[in-house]
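Visitor: I would like to go through this structure at the bench, one question at a time. Please show it first.

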Amino acid sequence: MRLERVLQYAQTLLQSAVGNGDIAVDATAGNGHDTLFLAELVGDDGFVYAFDVQKQAVDATLHRLLDHALEHRAIVLNDGHENVAKYVDKPVSGAIFNLGYLPGSDHEVITRPNTTIQALESLLQLLKIGGIVVLVIYHGHEGGKEERDEVIRFVSALPQKSIHVLRYEFLNQKNDPPFVIALEKVKEYPFES
Ligand SMILES: C[S@@+](CC[C@H](N)C(=O)[O-])C[C@H]1O[C@@H](n2cnc3c(N)ncnc32)[C@H](O)[C@@H]1O
């Protein structure tokens, strides 16, 4: 068996959780690669909610969907993922975050720990049992390490009876390589007892 690269592995996880007719969320649409991937997975009976605070990213994502004639399977919202609960009221099968900045754009606009964690809180409520949230953590940029550490602190404290938390990482790569954190909901959250 070959070890999957980080981005490949993120998609494999989504593929295992999201299928025909499902609801999925791309929390950081960027250039729309993951929105398109999710739109392919959910089929014509499912739906994707994609979020990005930059108009440039919203437009790029819409174009990518249009190029593949899949625009009817998604809504691309020019809003922060911390507001996910305002738009999504159905159980979510899979969600993805690519933390950091949009490649080829303003490096000042980055995901931030507070809003990322707020979005995670909401998505953990919305997630159906067996659903997965995948985070690709980029931490080489300014502010990246703070966000990485806060996200790790948050997910490490999640109740293990309701959320399984995985970290997938290559340990011998140089220059702050990205890694994956995945959350699988196995029981209602917050778990009480
Ligand atoms: C690493 S990029 C995403 C790459 C994307 N998945 C792709 O396929 O190209 C991170 C994106 O998160 C966006 N972003 C930053 N803060 C956000 C927030 N609060 N809500 C939603 N998107 C946000 C940025 O504008 C940027 O486009």
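Visitor: How do the residues of the shell around the ligand divide into nonpolar, polar and charged?

Guide: This is a predicted model. The shell holds 21 residues, with T28, G30, N31, H33 and G80 the closest to the ligand. Glycine is counted among the polar residues here. On that basis the shell divides into three charged, six nonpolar and 12 polar residues.

Visitor: Which strands stand at the edges of the sheet, and why is one side of each left without a neighbour?

Guide: The sheet is open and mixed in its pairing, and its seven strands follow the order β3-β2-β1-β4-β5-β7-β6. A strand at the edge has a single partner strand, so one of its sides has no neighbour in the sheet. The strands in that position are β3 (74-77) and β6 (163-168).

Visitor: What does the twist average from one strand to the next?

Guide: The order of the seven strands is β3-β2-β1-β4-β5-β7-β6. Going from one strand to the next, the twist averages 10°.

Visitor: In β7, which residue is the bridge partner of L166?

Guide: β6 and β7 (residues 179-185) run antiparallel and are joined by six bridges. In β7, L166 is paired with A182.

Visitor: About what angle does the direction of helix α1 make with that of β5?

Guide: Helix α1 (residues 6-17) packs on the sheet. There it touches β4 (92-98), β5 (127-137), β6 and β7. Its direction and that of β5 make an angle of about 170°.

Visitor: How many residues of β4 are buried?

Guide: β4 has a pairing with β1 (residues 23-26), parallel and made of three bridges, one partnership being A24 with G94. β4 also pairs with β5 in the parallel sense over six bridges, and V92 has L127 as its bridge partner in β5. As for burial, β4 is mostly covered, and the buried count is seven of its seven residues.

Visitor: Which element gives the most to the largest nonpolar core?

Guide: Nonpolar side chains tend to be buried together in soluble globular proteins. The largest nonpolar core here has 56 residues, and L14, A24, L123, V134 and L135 touch the most other members. With seven residues, the element that gives the most to this core is β5.

Visitor: Which residues does L135 touch, not counting those up to four places away in sequence?

Guide: L135 is one of the core residues that touch the most other members. Leaving out residues up to four places away in sequence, its contacts are F97, L99, V151, V180 and I181.

How values were computed:
Residues are numbered from 1 along each chain as its sequence is written. This is a predicted model: local features need pLDDT of at least 70, side-chain atom pairs count only at pLDDT 80 or more; totals for chains, interfaces and linings use all residues. A residue is near a molecule or strand if its C-beta atom, placed from the backbone, lies within 6 Å of it. Two strands pair if DSSP finds at least two bridges between them. Helices (H or I, at least four residues) and strands (E, at least two) are DSSP runs, numbered from the N terminus. Axes are lines fitted to C-alpha atoms, for helices over the stretch in contact, and angles run from 0 to 180 degrees between N-to-C directions. Two residues are in contact if their C-beta atoms, placed from the backbone, lie within 7 Å. A nonpolar core is a set of buried Ala, Val, Leu, Ile, Met, Phe, Trp, Tyr and Cys residues joined through C-beta atoms within 7 Å. A residue is buried if 20 or more other C-beta atoms lie within 10 Å of its own, exposed if 12 or fewer, and partly exposed in between; C-beta atoms are placed from the backbone.
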